[in-house]
Amino acid sequence: MNSQITTLKNGLRVVTSCFPQLESVSLGLWVKTGSAYEKPDINGISHFLEHMSFKGTTTRTALQISEEIEDAGGQSNAYTAREFTAYYAKMLKADAELALDVLADSLKNSVYPEDELKKERDVVIQEIKQTIDTPDDIIFDYFQETAFPDQALGRSILGSEEKVRSFSRDTLQNYLSSNYAAENMVAAAVGNIDHDAFVKMVEDRLGDYQRHTHFTPEKQVYKGGFYIEKRPIEQVHVALGFEGLPYQTEDYYVALLLSSMLGGGMSSRLFQEIREKRGLAYSVYSYTAAHSHTGLFGISAATGAADLKNLVPVIAEELRKICQDTFTEKELKRAKTQMKASMLMVLETPAATVEMLARQMLIYNRLIPVDEMVERIEKVSLQDVRRLAQKIFGATPTYALLGAVDKHVEYDELQKLLKY
């Protein structure tokens, strides 16, 4: 992969990877800020700002922002996560500069008109209500809040209706000036793009962007605990987890392989035992969510009320087995092959590749060569997996239930079931 990096005088990093055989370019602006960097009184502001950035600038109306991209046959969007916010587009190669101009203008020159503020508050509040009404979405918010209570990392990305209604133009501008700066931004492009040309595009538009942020990140402290909410729906949604690992840790790839072996596919332990052998759930999987200073290792499943008492003990049994070193070399080899294949497949998709490059720059301030990632995957041993499993699954669990809960395994009982 032919990638290049340039850092502008104000600290903004520009990264590209050229694929001259393509007719398109995937590009965007990534910012290392999100709900994990919000104070309690403005929870949800990162997400609301992302929405409002497309609602008019000093030179474009909200309609013009949409039309200019789509008139050229392109696509644009944005998202907010706990520690990242992204503004991105995919265009034909001749229109890459247009896309960057629109994105930079939306980020730098938004005016947040009052009529758009009012409308977008209502839109985001509808999004909040929709999420609350979707059990397999909202369970993860409750799970996160239980794992990281009374801190920014545990609060919802969307915020609450009360908070969203309080956001004003001043709130947005203050947050933008505090949390958005060249030092925590990356401009990235993948596709048929010349690096030097893209650097000039970025420098012309964002070379004078403020250099430094003015906020202090809150500590991230895992606590764990129990959450339960009864709802008159057909299933019970179960989220069980433990403290995971931050991005910058030697065991990062060990955790990914552990998750893959446990619940990463149809051949994984959880899928085979819970779905294939016992028929206790349609979907069951595990995942890792890394953050700057901590992480979350999660297991998700949904089952009927009558099967809930059986499902949780089976999950606990599988975790005990792993801690007792029942994984085989065959399972580890399969997980390594799956991970390497997934990584290489990502590199065939410009939109996924540009996301990967931007995140690597924000997290590590460098691009990680494919050979290095493969080497780190290959060096993981069964002893590494067992050691990390014992560390993770032997710690305080987070346990959340939502839905048609009748009889269930209590939190204290779960802790006993997890002992090996």
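**Figure 1. The lining of the second largest cavity divides into 2 nonpolar, 4 polar and 2 charged residues.** Keep in mind, as you look through these views, that this is a predicted model. Which residues line the second largest cavity? Look for S260, M261, S267, S268, E331, R334, A335 and Q338 around the space. Two elements, α9 and α12 (329-346), each give two or more residues to this lining. Helix α12 provides the largest share, with 4 residues. The enclosed space comes to about 50 Å³.

**Figure 2. The largest cavity has a volume of about 80 Å³.** How do we find a space like this inside a protein? Rolling a probe the size of a water molecule over the atoms shows where empty space is left. Searching the whole structure turns up 2 cavities of 30 Å³ or more. Around the largest cavity you will meet G244, L245, P246, Y252, A255 and L256, together with T288, A289, A290, L296, F297 and I392. Helix α9 (252-263) and the strands β9 (284-290) and β10 (295-303) each contribute at least two residues to the lining. What is the mix of classes in this lining? There are 10 nonpolar residues, 2 polar residues and no charged residues.

**Figure 3. R269 lies in helix α10, which covers residues 269-277.** Is R269 buried or exposed? Its relative accessibility is 15%, so R269 counts as buried, because the cut-off for buried is under 20%. Leaving aside residues up to four places away in sequence, R269 touches M261, L262, E318, K321, I322, T326, F327 and E331. You have already met some of these names: M261 and E331 are among the residues that line the second largest cavity.

**Figure 4. V199 sits in helix α8, made of residues 195-206.** With a relative accessibility of 11%, V199 counts as buried. Which residues does V199 touch, not counting residues up to four places away in sequence? The contacts are T6, L8 and V14. For a sense of scale, try finding K336 too: K336 is 137 residues apart from V199 along the chain, and their C-alpha atoms are separated by 36 Å.

**Figure 5. Six strands form an open sheet in the order β1-β2-β6-β3-β5-β4.** The pairing in this sheet is mixed. Which strands stand at the edges? They are β1 (3-7) and β4 (75-80), and each has a single partner strand, so one side of each is left without a neighbour in the sheet. From one strand to the next, the twist averages 15°.

**Figure 6. Strands β3 and β6 pair in the antiparallel sense.** Here you can follow β3, residues 24-31, alongside β6, residues 185-191. How many bridges join the pair? There are 7 of them. To pick out one example, find G28 and then look to β6 for its bridge partner, A188.

**Figure 7. Helix α1 lies across strands β4 and β5.** The helix is made of residues 45-52, while β5 spans 85-92. Relative to β4, helix α1 runs at about 165°. Helix α8, the home of V199, also packs on the sheet. Which strands does α8 touch? The answer is β1, β2 (13-18), β3 and β6. The direction of α8 makes about 150° with that of β2.

Notes:
Residues are numbered from 1 along each chain as its sequence is written. This is a predicted model: local features need pLDDT of at least 70, side-chain atom pairs count only at pLDDT 80 or more; totals for chains, interfaces and linings use all residues. Side-chain values use heavy atoms; hydrogens and water are left out. Buried means under 20% relative accessible area, exposed over 50%, partly exposed in between (1.4 Å probe, protein chains only). Contact means heavy atoms within 4.5 Å. On a 1 Å grid over the protein atoms alone, a cavity is a set of points where a 1.4 Å probe fits but cannot get out, and a pocket is an open set with protein on both sides within 12 Å along at least five of seven lines; lining residues have an atom within 4 Å of a point. Grid points are joined across faces, edges and corners, and a volume is the space filled by probe spheres set on the points. Ala, Val, Leu, Ile, Met, Phe, Trp, Tyr, Cys and Pro count as nonpolar, Asp, Glu, Lys and Arg as charged, and the others, Gly among them, as polar. Two strands pair if DSSP finds at least two bridges between them. Axes are lines fitted to C-alpha atoms, for helices over the stretch in contact, and angles run from 0 to 180 degrees between N-to-C directions.
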